[in-house]
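Visitor: I am new to this structure and would love a close look at a single part of it. Could you show it to me and then walk me through the details?

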Amino acid sequence: MSIQMNQSLSVDCAVFGFNGKSLKVLLIERRYYKPDTRLDKLKLPGAMILENETLPEAAYRVLEEATGLKNVYLKQMDIFSDPKRVAGEELEWINRYHGIQTDRVVPVRYYALVKLDSRTIAYTPAKGAQWVDVDSIQRLAMDHKAILSAALTVLCREMLQSPVAFELLPRKFTIRALQNLYSAVLGIEIDNRNFRKKILASGFLTPTAEKEQGVAHKPAQYYTFNKNAYKKALKDKLKLEDAFEKKLDHQEENLSLADTSLRDSRQEAVEALTALGYSSTDALRAVRQVSEETGEDVEAILKAALKQL
């Protein structure tokens, strides 16, 4: 008995790779593509989900078929439920390609990070796929250009908040390659000296005894990502944040035990600051810094607190 396909739910994946110089994305050539149509030839990897699989399982299936890889960094972004996302020729193509009959497809959007090596690069052409510079892409099939843009935005944010950059690099890499990666993803020029100083100061890189070979410039040293050092730094950061929150709670408790008239006026100032758009934490901190000599007048406390923000 054949496994049934869900005719209304799909997964689409923006698969990124890095070749040491530029950020790449994996694109698939459409089957049944006719040059004389208005349809765009290239699309992101994707598929309808099968009735016996979860969404992540469907996404991993798509990735393995396109790249030959199983252990790939994968993250779900969102669900795009606009009923008008595909229509006309695009909808006709979906029905023909998947052998279904549907009026609407809701995609669950993912992005994935792949370490580009010679085997992976050689594997994709046989699947009708190609690695394309992200910056060179002007158009894609259906709404896949919008999916790519959304994935790139998420990747930029993740690069600044977590160590996902190392999912795009080989196990051993140079600081120059890491800098090139950040520059390619974020789309900015990065000062060599400052980047090297900050990344080494982080303690997340472990130097190896190896250097580049066969290069025209001075051979650079190879490094590896120290996951244990990163986890420890993250744990220490969480401890500091917890201690800071406890300090704020203690300050708030002390404030509530102060003179009643002063407590009420300062609480009104805190509420006024939050109404102006400041976070409760910042508002409380600013009010606490106002000298008691300011007195009990709410307006005076508020003006003094605003100077602290």
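Visitor: Which element gives the largest share of the lining of the largest cavity?

Guide: Happily! The largest share comes from helix H2, with four residues of the lining. Please keep in mind that this is a predicted model.

Let us begin with the cavity itself. The count comes to one cavity of 30 Å³ or more, and the largest cavity has a volume of about 120 Å³. Its lining is made up of 15 residues, and the closest to the centre are Ser10, Asp12, Ile94, His98 and Met142. Two or more lining residues come from each of strand S1, strand S4 (46-50) and helix H2 (88-98). By character, the lining divides into eight nonpolar residues, four polar ones and three charged ones.

Now to H2. Its buried residues are Glu90, Leu91, Trp93, Ile94, Asn95 and His98. Some general background helps when you look along a helix: an α-helix has 3.6 residues a turn, so residues three or four places apart point the same way. You can try this on the buried residues of H2, among them Glu90, Ile94 and His98. The buried residues of H2 pack against S1, strand S3 (42-43) and S4. Two of these partners, S1 and S4, are also elements that give two or more residues to the cavity lining. Ile94 and His98 deserve a second glance, as they are buried in H2 and are also listed among the residues closest to the cavity centre. Just after H2 comes glycine 99, which takes a positive phi of about 65°.

From the helix we can step across to strand S1, which covers residues 5-18. Asparagine 6 is found in this strand. Asparagine 6 counts as buried because its relative accessible area is 19%, and buried means under 20%. The side chain of asparagine 6 reaches the backbone nitrogen of serine 8 at 2.9 Å. A polar atom of that same side chain lies 3.0 Å from the backbone nitrogen of leucine 9. Leaving aside neighbours within four places in sequence, asparagine 6 is in contact with Met48, Ile49 and Glu51. Numbers 48 and 49 fall in the range of S4, which is written as 46-50.

Further along S1 you will find phenylalanine 16. Phenylalanine 16 has a relative accessibility of 0%, so this residue counts as buried. Phenylalanine 16 and leucine 168 are 152 residues apart in sequence, yet their C-alpha atoms are 7.9 Å apart in space.

Another residue listed as closest to the cavity centre is Met142. Methionine 142 sits in the loop between strand S7 (129-133) and helix H4 (144-161). Its phi is positive, about 50°, although methionine 142 is not a glycine. In that loop between S7 and H4 you also meet aspartate 143. Aspartate 143 counts as buried because its relative accessibility is 11%. Leaving aside neighbours within four places in sequence, aspartate 143 is in contact with Phe80 and Arg85.

The range of H4, residues 144-161, leads us on to methionine 77, which has its place in strand S5 (residues 73-79). Beyond its neighbours within four places in sequence, methionine 77 is in contact with Arg109, Tyr110, Tyr111, Ile147, Ala150, Ala151 and Val154. One of these partners, alanine 151, is 74 residues away in sequence, while the C-alpha atoms are 7.4 Å apart.

To finish, let us place these details in the whole chain. The protein chain has ten helices and nine strands. Of its 309 residues, 40% count as buried. Among contacts with a separation of 6 or more, 68% are between residues 24 or more positions apart. The accessible surface of the chain comes to about 18,300 Å², and 49% of that belongs to carbon and sulfur atoms.

Notes: Residues numbered from 1 in each chain as written. Predicted model: local features only at pLDDT ≥ 70, side-chain atom pairs only at ≥ 80, totals over all residues. Heavy atoms only, no water. Buried < 20%, exposed > 50% of the residue type's maximum accessible area, 1.4 Å probe, protein only. Polar contact = N/O pair within 3.5 Å; in protein donor to acceptor, adjacent residues only side chain to side chain. Contact = heavy atoms within 4.5 Å. 1 Å grid on protein atoms, 1.4 Å probe; cavity = no way out; pocket = protein on both sides within 12 Å on 5 of 7 lines; lining within 4 Å. Points joined across faces, edges and corners; volume = space filled by probe spheres on them. Nonpolar A, V, L, I, M, F, W, Y, C, P; charged D, E, K, R; others polar. Areas by Shrake-Rupley, 256 points an atom, 1.4 Å probe, with all protein chains shown as cover.
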